[in-house]
Every structure is written in C-alpha cells, then in structure tokens.
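Visitor: Could you take me through one buried position in this protein in detail, and then set that position against the rest of the fold?

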Amino acid sequence: MENGILHVDMNNFYASVETLYAPEYKDVPMAVAGDKESRHGIILAKNMLAKKSGVQTAEPIWQAMRKCPGLQLVPPHHERYSMFSAMAKKIYCDYTDRVEAFSLDECWLDVYGSEKLFGSGREIAEQIRARVKSELGLTVSVGVSYNKVFAKLGSDYRKPDAVTEFGHAEMESIIWKLPAGELLLVGPTTQAALKKYGIYTIGDIAKMEFTVMRQLMGRTGETLWLYANGLDDTPVQNVDAHEDPKSIGSSTTLPRDITSESEVRETLSSLSETVATRLRRNGLRAGEVQITIRNNQFQEVQRQRQLLTAVCDSRSIYEAAWELYCRESRRWAIRLLGVRAGRLVPEGESQVSFFEDSDGLRRREQLESVVDRVREKYGAASINRAFAVRPRKEDEYE
C-alpha cells in the first residue's frame, strides 16, 4: 500500500452535532457561539450556509452578524461533542489500533497493516466516510497519503464529505501550488514572516535550501522544509498511547479590557496559582514560564524565560510572569492573559540551584500542597489569597 496514513476531519463538527438535535437549523445560516453578553462572544463553529456568507471561526459575534444578519446562534454543548467524538473514534478503531487524536474532531489513522482485511487506504477512507454518515449522521473529509502532514492537507483540500488522496505524484502538481498557510504549523504570524522572505507557497518552502530555511526561521524553518518536501516521518500513535504533557497552562478571556497594573498583577497571580496547582497534581516542575497577551484587536504576543530551578509553586511562576509582562513595551488594553509552564520534569528529577533560596522555595511548595488538600476536602473557594477576597457590599465604605 503506497498511501496508508489517513487524516479524518469531521465537517463543521459543533454545528453539525447541534443540527442533529435541532433539525430546524439545517437550512439556515447557523453558528455555535459563546455568550453574546460576555467577552467569550466569538464564533466557535459554523455551518456551510454561514460559511458561504463569510462567517469565520474565532471572529467576534458582532462581526459575524454584520456579515450575515440572519445568523442563528446556538450555545455550545461540549458533552455532546465529546460523545460524538468518542463514537467516531470507535468506528476508526474497527480498522486499526493506530488512531491518534489531533483535536476533538480530527484524527490520524495508520492503516498500513489493514490492507488484506479492508483494502487500500482510499478504500478504507471511503468506508469510514460512509459509516460515519450512516451511523452518526455526520460527514467527514478524509485525506489519504504516505505521511501525516500530506494526509491533513488532503482532508482540508476538499470539504465537506470527501476523500482526497495525495501520493508522491501529487506533491509537485498540487501540494506545492498550495498557499504556505495551508501547511501544518504555519499560522498567521509564521505566514506573515514567510511573506517577508518572498515565500508564498508550499513549493517556495520546498525549493529553498535547507540551511537557508534554518538561518531564516531556526528549528521552525527546518521543520517546515521537511514537511514541504514530504519528509515528515512522525508515526501515528496507538489509540491507548499516553504522552506526558509538554506544558501546562491557563488563560482567561477577561469580562472587560484591563489596563491597570493592579488588574494585570491580580490576573497573572490567579493564573499562576492554577498552573502551579496542576503541576503539583501531575507531580511535575517547570523550568520555563511563558505568558500570552492579547488585545481587543486580537493582536497577540508571547514571551518566555527559563528558570534557574524547576518549580511548582505559584509565587515563582507569578514572579517570572510579571517580569515578562514588565519587559513588554506595549501597554495594550488587554482582552486575554495566559500563563504557561514548560520544560517540565518529574518532581524527583529537578535540581536545586545554588542561586535560589531552596529552603524558602520548598516551604512555599509545602504550604501550597496543604492548600491543595484543604480545597480538595472543602471546595475550591474554601481558601483564597487576600487579593481574591472581595468585601461584601455592606462592608464597603460609602
């Protein structure tokens, strides 16, 4: 079998699931969206009719409504999406045990060992497409290729309800002509950077010298060159495979834009506490802290720094996050803040730095571990830091 890697993408997943429960939305423009009254008011998914009107995932509701005045909005039901995702994965597992989730609605499959039972990669893709439609009432687009990157390009190439096969013969004739933004790992920021170097298509990446791509974009440039030339050899994981987390993070979309130092400090402290709790729960320490800042125009920056000692206490994470924020010269009206811990190591493998107050650090970790146990027993709100305790209305000064 030449092409035995599949990428299955469930079309307009959230919107399609909602239509199963409310068929009246089938023939009207509809989108699944967050709370219109809160700052979570963005489009999470849309059906094909809304897409034809220009509605895009992740855009603000007000902008989508301007494009499509008759757009019907439906609140998300995440438990439904998880249930249908699990049912779809069960179908995939009838063909192979090499099923790797990429997201709730996307999976890679390795069917190289299934040819004698079920046929070629394309034939298996057609069987899966038909079964998902008849058994779940949903449609999928399936890419078939010899590696994961090209298989995903195939599933994106034709939608909805389609199978696209990209073999070696299609690399130059089709894949290289696609915009660079279609390639895995190329988001808007990377695409803009590539354009600065005159790189517009996947073929432009492929035809660059490997060393030049590395000089221009570092390790990302190396990876993109390999992807563009069909040299991705990443295996599809077993359905039961468990990978240790590479990072642990928390972010929040704020109910209103914030600009004051005290509000930023309070938000970063709360996020750092959440991240630290998750680190301890997983028996991990972090050797790096990263922050994400997004303004109300959806511009975003990320900054990170390494730590002298791997930590799992909120104070150390907060101090690093605050330092990173202070380094950033832009003082935006902030819509979203995020804190992420990286370079994770198991708790017993971290080394103490001679430059850190190791005794103080361990005392803080022990104290926060006690707080964890109190919250597990009496609830998350049973104990809080002073900044999080709001005065009751009758206690406030007139």
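**A buried helix residue and its setting**

Guide: Isoleucine 317 counts as buried because its relative accessibility is 0%, where the limit for that class is under 20%. The model is a predicted one. Isoleucine 317 belongs to helix H13, which spans residues 314-327. Beyond the residues up to four places away in sequence, isoleucine 317 touches Ser272, Val275, Ala276, Leu279, Val289, Val311 and Val339. With one of these residues, valine 289, the separation between C-alpha atoms is 6.6 Å, although the two positions lie 28 residues apart along the chain. As a general matter, nonpolar side chains in soluble globular proteins tend to be buried together.

The whole protein gives the background. The protein has 14 helices and twelve strands, and buried residues account for 44% of its 398 residues. Of the contacts between residues at least 6 apart in sequence, 65% join residues at least 24 apart. The protein exposes about 21600 Å², of which carbon and sulfur atoms supply 49%.

The nonpolar interior comes next. The largest nonpolar core contains 32 residues, and those with the most contacts inside it are Leu6, Tyr92, Leu109, Ile128, Val132, Leu138 and Val142. Two or more residues of this core come from each of strand E1 (5-10), helix H1 (13-21), strand E2 (30-33), helix H4 (78-92), strand E6, helix H6 (121-136) and strand E7 (140-145). A separate core of 31 residues lies apart from it and includes Ile248, Val264, Cys312 and Leu337. Within the largest core, leucine 6 illustrates the connections: leaving aside neighbours within four places in sequence, its contacts include Trp108, Leu109, Ile124, Ile128, Val142 and Val144.

Serine 114 provides a polar counterpart to these buried positions. Serine 114 sits in the loop between strand E6 (106-110) and helix H5 (115-118). With a relative accessible area of 7%, serine 114 falls under the 20% limit and is therefore buried. Residues up to four places away in sequence aside, serine 114 touches Tyr95, Thr96, Gly119 and Ile124.

Strand E2, one of the contributors to the largest core, can be followed residue by residue. Met30 and Val32 point one way from E2, Ala31 and Ala33 point the other way, and all are buried. In a regular strand, side chains alternate between the two faces of the sheet. Strand E2 runs parallel to strand E4 (residues 72-74), to which three bridges join it, and methionine 30 stands opposite glutamine 72 in E4. Three bridges also join E2 to strand E3 (residues 43-46), in this case with antiparallel strands; alanine 33 has isoleucine 43 of E3 as its bridge partner.

Nonpolar side chains also appear at the surface. Leu20, Tyr21, Met83 and Met87 make a nonpolar surface patch of about 330 Å², and helices H1 and H4 each give two or more residues to that patch. Methionine 87, in helix H4, is partly exposed because its relative accessible area is 32%, which lies between the limits of 20% and 50%.

Charged pairs complete the description. A search of the whole structure finds 22 salt bridges. In one of them, arginine 131 is paired with aspartate 94, with the closest N and O atoms 3.0 Å apart. This pair links distant parts of the chain, since arginine 131 is in helix H6 and aspartate 94 is in the loop between H4 and strand E5 (99-103), 37 residues apart. Both partners are partly exposed: arginine 131 has 23% relative accessibility, and aspartate 94 has a relative accessible area of 41%.

A further salt bridge joins the side chains of glutamate 263 and arginine 256, at 2.4 Å from N to O. Arginine 256 counts as partly exposed, at 49% relative accessibility. Glutamate 288 forms a salt bridge with arginine 343, the closest N and O atoms being separated by 3.4 Å. Here too distant parts of the chain are linked: glutamate 288 is in strand E10 (residues 284-295) and arginine 343 is in strand E12 (residues 334-346), 55 residues apart. Glutamate 288 counts as buried at 19% relative accessibility, whereas arginine 343 is partly exposed, with a relative accessible area of 49%. Elsewhere, salt bridges with shared partners join Asp9, Glu106, Lys152, Asp156 and Lys159 into one network.

Key
Residues are numbered from 1 along each chain as its sequence is written. This is a predicted model: local features need pLDDT of at least 70, side-chain atom pairs count only at pLDDT 80 or more; totals for chains, interfaces and linings use all residues. Side-chain values use heavy atoms; hydrogens and water are left out. Helices (H or I, at least four residues) and strands (E, at least two) are DSSP runs, numbered from the N terminus. Buried means under 20% relative accessible area, exposed over 50%, partly exposed in between (1.4 Å probe, protein chains only). Contact means heavy atoms within 4.5 Å. A nonpolar core is a set of buried Ala, Val, Leu, Ile, Met, Phe, Trp, Tyr and Cys residues joined through side-chain atoms within 4.5 Å. Patches are made of residues with over 30% relative accessible area and no salt bridge: like charges are joined within 9 Å, nonpolar side chains (Val, Leu, Ile, Met, Phe, Trp, Tyr) within 5 Å. Accessible areas come from the Shrake-Rupley method with a 1.4 Å probe; for residues, only the protein chains shown count as cover. A salt bridge is a side-chain nitrogen of Lys or Arg within 4 Å of a carboxyl oxygen of Asp or Glu. Two strands pair if DSSP finds at least two bridges between them.
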